[in-house]
Amino acid sequence: RFHDAGLDQDDPQSGIVMYEWVPGTELASESLTDHGLTTVGRRLSLVLAKLAELHLVHRDIALPNVLLRPGTGRDGAALEPVLIDFGLAKKLVPGEERTQDLAGRLDYLPKEILDRRHVTQAQAPKADVFQLGKTLEHAWKTGTHPGVRAILVAMMADEPDDRISAREAYKRFSDLELELERRGQYREIKEEVAAHLQRLPRSHDRFRTCLLYTSDAADERSS
């Protein structure tokens with residue numbers, strides 16, 4: 001959160017920008033589970049969508065520029081991702097076609113920036129989407145869930161016109177997060193049922209077998 005800006009009194013040639021102090025830790029490589037990635041991806045995609053609506057681009061999204069602090073959001077998430085360091089951020093001029101500046105970390109940059117192409121105002125925010133996708137890919141621990149992989153691939157398409165928007169990424173992450181939560185709740189219920197059945201006397205073997213069959217069939221339908 002921006003607080004203030006001005007000139008350094010001891011060095012008038014230097015500017016000072018004051019931001020909110022964010023206590024937290026940097027997003028680390030291979031630190032997020034499938035569910036953790038969808039939560040972080042959902043929240044940061046929404047941030048990028050709001051920046052795009054304000055005609056702003058961050059231009060330096062990477063692991064060191066995402067902090068995780070104890071969850072304070074309405075959704076009750078254990079950790080809240082915060083996008084920091086807006087030192088390279090830029091205001092887009094409506095209707096202007098511009099050459100992409102070579103700004104940001106090389107291993108997070110999309111082709112249109114590396115090639116210094118002309119891009120439209122609609123295309124410019126897609127570079128932020130690419131950088132977020134690359135950041136999440138670096139932070140992903142398992143790298144195997146097909147739903148997560150599909151979203152990241154769509155975020156990191158080579159051409160900006162083929163890339164999904166931040167708003168679309170937010171929608172896809174939200175849908176996948178709900179799906180993963182439902183599967184997790186189902187597994188917990190199944191484990192509770194199995195534990196309860198183990199405590200039933202042997203006289204209830206037929207009842208136990210029936211419930212286990214029903215549970216396994218439901219498990220196949222949900223997978």
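This section describes three local environments in a predicted model, centred on Leu27, Gln121 and Leu114.

Leu27 is placed in the loop that runs between strand β3 (25-26) and helix α1 (34-53). Its relative accessibility is 2%, and Leu27 is therefore classed as buried, the limit for that class being under 20%. Beyond residues up to four places away in sequence, Leu27 touches Leu32, Leu63, Val66, Leu68, Thr135 and Ala139. A separation of 9.7 Å was computed between the C-alpha atoms of Leu27 and Val82, two positions that lie 55 residues apart along the chain.

Gln121 also occupies a loop, in this case the one between strand β9 (118-119) and helix α3 (125-139). With a relative accessibility of 18%, Gln121 counts as buried, because the value falls under the 20% cut-off. The side chain of Gln121 forms a polar contact of 2.7 Å with the side chain of His55. When neighbours within four places in sequence are set aside, the contacts of Gln121 comprise His55 together with Leu92, Val93, Pro94, Gly95 and Glu96. His55 thus appears both in the contact list of Gln121 and as its partner in the polar contact.

Leu114 belongs to helix α2, which spans residues 111-114. Its relative accessibility of 41% places Leu114 in the partly exposed class, since this class lies between the 20% and 50% limits. On the surface, Leu114 joins Leu102 and Leu106 in a nonpolar patch, and the accessible area of these residues together is about 300 Å².

Notes
Residues numbered from 1 in each chain as written. Predicted model: local features only at pLDDT ≥ 70, side-chain atom pairs only at ≥ 80, totals over all residues. Heavy atoms only, no water. Patch = residues over 30% accessible without salt bridge, like charges linked within 9 Å, V, L, I, M, F, W, Y side chains within 5 Å. Areas by Shrake-Rupley, 256 points an atom, 1.4 Å probe, with all protein chains shown as cover. Salt bridge = Lys/Arg side-chain N within 4 Å of Asp/Glu carboxyl O. Helix = DSSP H or I, 4+ residues; strand = E, 2+ residues; numbered from the N terminus. Buried < 20%, exposed > 50% of the residue type's maximum accessible area, 1.4 Å probe, protein only. Contact = heavy atoms within 4.5 Å. Polar contact = N/O pair within 3.5 Å; in protein donor to acceptor, adjacent residues only side chain to side chain.
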